[in-house]
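These are my notebook entries on a structure that I examined step by step. I record what I looked up and what I found in each case.

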Amino acid sequence: MKNKNIELIGWIGVVMIVGAFALNTLAISGPDSLTYLLLNFVGSVAIIISSLSKKDYQPATLNIIWAAIAIVGIVRALL
């Protein structure tokens, strides 16, 4: 059951990141919006959890970088 939950977390992360991309591409939410940035951050953390549980380090590394960039954006948006 634990593996299915972690797999679900990863898929939710994918949906969040793709959703953020769609919102930006369709001009519903801009790249500086808190919604866009939070979707990217939370989505990337979800994928990190899923990837590390499988010892799949390439997507984990990509999403660690993705989350770090999102954090910078979130901080800038809040200031």
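Entry 1: a residue inside a helix.
I worked from a predicted model. I began with N40, which I located in helix α2, spanning residues 34–53. Is N40 buried or exposed? I found a relative accessible area of 6% for N40, which lies under the 20% limit, so N40 counts as buried. I then looked for a partner of its side chain, and found that the side chain of N40 reaches the backbone oxygen of Y36 at 3.0 Å. Setting aside neighbours within four places in sequence, I listed I17, A20, W66 and A70 as the residues in contact with N40.

Entry 2: helices α1 and α2.
I noted that two packed helices are described by the angle between their axes and the distance between the axes. For helix α1, residues 2–25, and α2, I recorded an angle of about 150° and axes 7 Å apart. How are α1 and α2 oriented relative to each other? Angles over 145 degrees count as roughly antiparallel, and α1 and α2 are therefore roughly antiparallel to each other. Their crossing is left-handed. I next looked up which residues meet: the α1 side includes I6, I9, G13 and I17, while the α2 side includes L39, N40, G43 and I47. Sorted by class, this contact of α1 with α2 has 14 nonpolar, 9 polar and no charged residues.

Entry 3: helices α2 and α3.
I repeated the procedure for α2 and helix α3, which covers residues 57–78. The axes of α2 and α3 come within 8 Å and cross at roughly 155°. I therefore entered α2 and α3 as roughly antiparallel to each other. The crossing of α2 with α3 is left-handed. How many nonpolar, polar and charged residues does the contact of α2 with α3 have? I recorded 18 nonpolar, 5 polar and no charged residues for the contact of α2 with α3.

Entry 4: the loop between α1 and α2.
I looked up three residues here, starting with S29, which has its place in the loop between α1 and α2. S29 has 11% relative accessibility and so counts as buried. Its side chain is joined to that of S33 by a polar contact of 2.5 Å. Leaving out neighbours within four places in sequence, I found S29 in contact with L23, N24, T35 and Y36.

I turned next to D32, also placed in the loop between α1 and α2. D32 is exposed, at a relative accessible area of 66%. Which residues does D32 touch, not counting those up to four places away in sequence? I found L37 and A77. D32 and A77 are 45 residues apart along the chain, yet their C-alpha atoms are separated by 6.6 Å.

The third residue, A27, lies in the loop between α1 and α2 as well. I counted A27 as exposed because its relative accessibility is 67%. I also noted its backbone: A27 has a positive phi of about 60°, although A27 is not a glycine.

Entry 5: the loop between α2 and α3.
Where is K55 found? I located K55 in the loop between α2 and α3. K55 has a positive phi of about 55° and is not a glycine. With a relative accessible area of 61%, which is over the 50% limit, K55 is exposed.

How values were computed. Residues numbered from 1 in each chain as written. Predicted model: local features only at pLDDT ≥ 70, side-chain atom pairs only at ≥ 80, totals over all residues. Heavy atoms only, no water. Helix = DSSP H or I, 4+ residues; strand = E, 2+ residues; numbered from the N terminus. Buried < 20%, exposed > 50% of the residue type's maximum accessible area, 1.4 Å probe, protein only. Polar contact = N/O pair within 3.5 Å; in protein donor to acceptor, adjacent residues only side chain to side chain. Contact = heavy atoms within 4.5 Å. Axes fitted to C-alpha atoms, helices over the stretch in contact; angles between N-to-C directions. Parallel < 35°, antiparallel > 145°, perpendicular 65-115°, else oblique. Left-handed = near helix turned anticlockwise from the far one by under 90°. Nonpolar A, V, L, I, M, F, W, Y, C, P; charged D, E, K, R; others polar.
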